[in-house]
Amino acid sequence: MKRRTGQDRSVTRNWKPATQAIRGGTMRSEFGETSEALFLSSGYAYDCAGDAAARFAGEQEGMTYSRLQNPTVQMLEERIALLEGAEACRTMASGMAAMTAALLCQLEAGDHLVGGRAAFGSCRWLTDTLLPKFGIETTVVDARDAQQFQDAIRPNTKVFFFETPANPTMDVVDLEAVCGIAKAHGITSVVDNAFATPALQRPLKFGADVVAYSATKMMDGQGRVLAGAVTGTESFINDTLLPFTRNTGPTLSPFNAWVVLKGLETLDLRIRRQSENALKVGRFLEGRVPRINFPALPSHPQHNLFMRQMGDAGPIFSFEVEGRTQAHGLLDALQLIDISNNIGDSRSLMTHPSSTTHSGVAEDKRIEMGVTEGMLRLNVGLEDPEDLIADLDRALGQVGL
Ligand SMILES: *Cc1c(COP(=O)(O)O)cnc(C)c1O
């Protein structure tokens, strides 16, 4: 009897997310291994020349070359697609490879894109610098206000591109409203869901067309590898994305795919506990620092929208002290929390965006998107929150807060 595998959608799509995260996409080799195998092979051999020709013609199932397919990578793609509730997924070498591919595969000179103003530094570089260089017009808007997307539409607008919650201001975008405007105008909405992951927020449910990830963040979750993913309909992935990625090669390595497969097994556990810890730390900081940007706190103006879309806090928020000197002083006074610009890690990490992740964004644009000189972004990890609060308490005292 042939054992069911995680590749059979008629079975796996009925599983709950916690089950999908552990078993979704699994393929077993002839050895019946329980944990997914790591297939380190760049190429594949054929039984006869006719098989090779049939595979290249797409008439026979099977692998041809690891830039195009790899069993370990395919297991991860199927698992992410299931968790997202998407028809299809393709992984990439990094989050930025995923964002770049998701945009360039569908845009051409003469097109127009509307992007969210508050965004990861490199995502802003795509909209501000890369796309215009190839004749693609871009407009950035305050994505908290859906009307601004509507008002920015031109006859040649092809794509809306934004993240929610946004890095590092935690601006929340009303997915249903903005994706609804996109749908009404035949515009493709591309949502960078790195902060939330499908464990907390599924943008497709709110009408998004394409959801893209830095899997480096919560999906790996232990600071080991870079990875990215793009999810969407079969037709978008196969007809629009694949021709671009197969020929340009931003392919994820099988080793990194294997690490992320293992990371997904604990995604739900980690994100729930990190959310709980982040809320404890956030409540401690609220009132103690001049400003906190954490929509999970009821005092945040976008709290209700955030909770409706995310359902839980997530591990990341930002807060503000008085300028760069105090922000750097606070970082230097920390003993437990690391000074590090990564997020989603099981370790607590803090960074000063304006001098690190957003230093490549022009100063006027940084100010406009709300990345102030006193802003610090905190990723709350899996350590005991009492230790984190003690570390912050002492460090804040040292800088006079
Ligand atoms: C980190 C990040 C990226 C880029 O991902 P990499 O894996 O570092 O290339 C893109 N978008 C957001 C929101 C991020 O946090």
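Here is a short conversation about a predicted model, its ligand and its two sheets.

Visitor: What should I know before looking?

Guide: This is a predicted model in which local features need pLDDT of at least 70 and side-chain atom pairs count only at pLDDT 80 or more, while totals for chains, interfaces and linings use all residues. Residues are numbered from 1 along each chain as its sequence is written, and side-chain values use heavy atoms, leaving out hydrogens and water.

Visitor: Which atom of the ligand is 2.6 Å from the side chain of Asp192?

Guide: A polar contact is a pair of N or O atoms within 3.5 Å. An oxygen atom of the ligand is 2.8 Å from a polar backbone atom of Gly95, and an oxygen atom of the ligand also lies 3.3 Å from a polar side-chain atom of Asn167. At Asp192, an N or O atom of the side chain is 2.6 Å from a ligand atom, and that ligand atom is a nitrogen.

Visitor: How much of the ligand's exposed area does the protein bury?

Guide: Accessible areas come from the Shrake-Rupley method with a 1.4 Å probe. Taken alone, the ligand exposes 380 Å². Of that, the protein buries 92%.

Visitor: Which strands stand at the edges of the sheet that runs S1-S7-S6-S5-S4-S2-S3?

Guide: Strands are DSSP runs of E with at least two residues, and two of them pair if DSSP finds at least two bridges between them. This open sheet has 7 strands with mixed pairing. Two strands have a single partner each, so one side of each is left without a neighbour in the sheet: S1 (88–92) and S3 (137–141).

Visitor: Which residue in S7 stands opposite Val211?

Guide: Strand S6 covers residues 210–214 and strand S7 covers 228–232. They pair in the antiparallel sense over 4 bridges. Opposite Val211 stands Thr231.

Visitor: What angle does the direction of helix H10 make with that of S1?

Guide: Helices are DSSP runs of H or I with at least four residues, and contact means heavy atoms within 4.5 Å. Axes are lines fitted to C-alpha atoms, for helices over the stretch in contact, and angles run from 0 to 180 degrees between N-to-C directions. Helix H10 (residues 234–248) packs on the sheet and touches S1, S6 and S7. Its direction makes an angle with that of S1 of about 25°.

Visitor: Which residue in S9 stands opposite Ile292?

Guide: Another open sheet has 5 strands in the order S8-S9-S12-S11-S10. Here S8 and strand S9 (residues 316–320) pair in the antiparallel sense over 3 bridges. Opposite Ile292 stands Phe319.

Notes:
A polar contact is a pair of N or O atoms within 3.5 Å; within protein, one must be able to donate a hydrogen and the other to accept it, and residues adjacent in sequence count only if both atoms are side-chain atoms.
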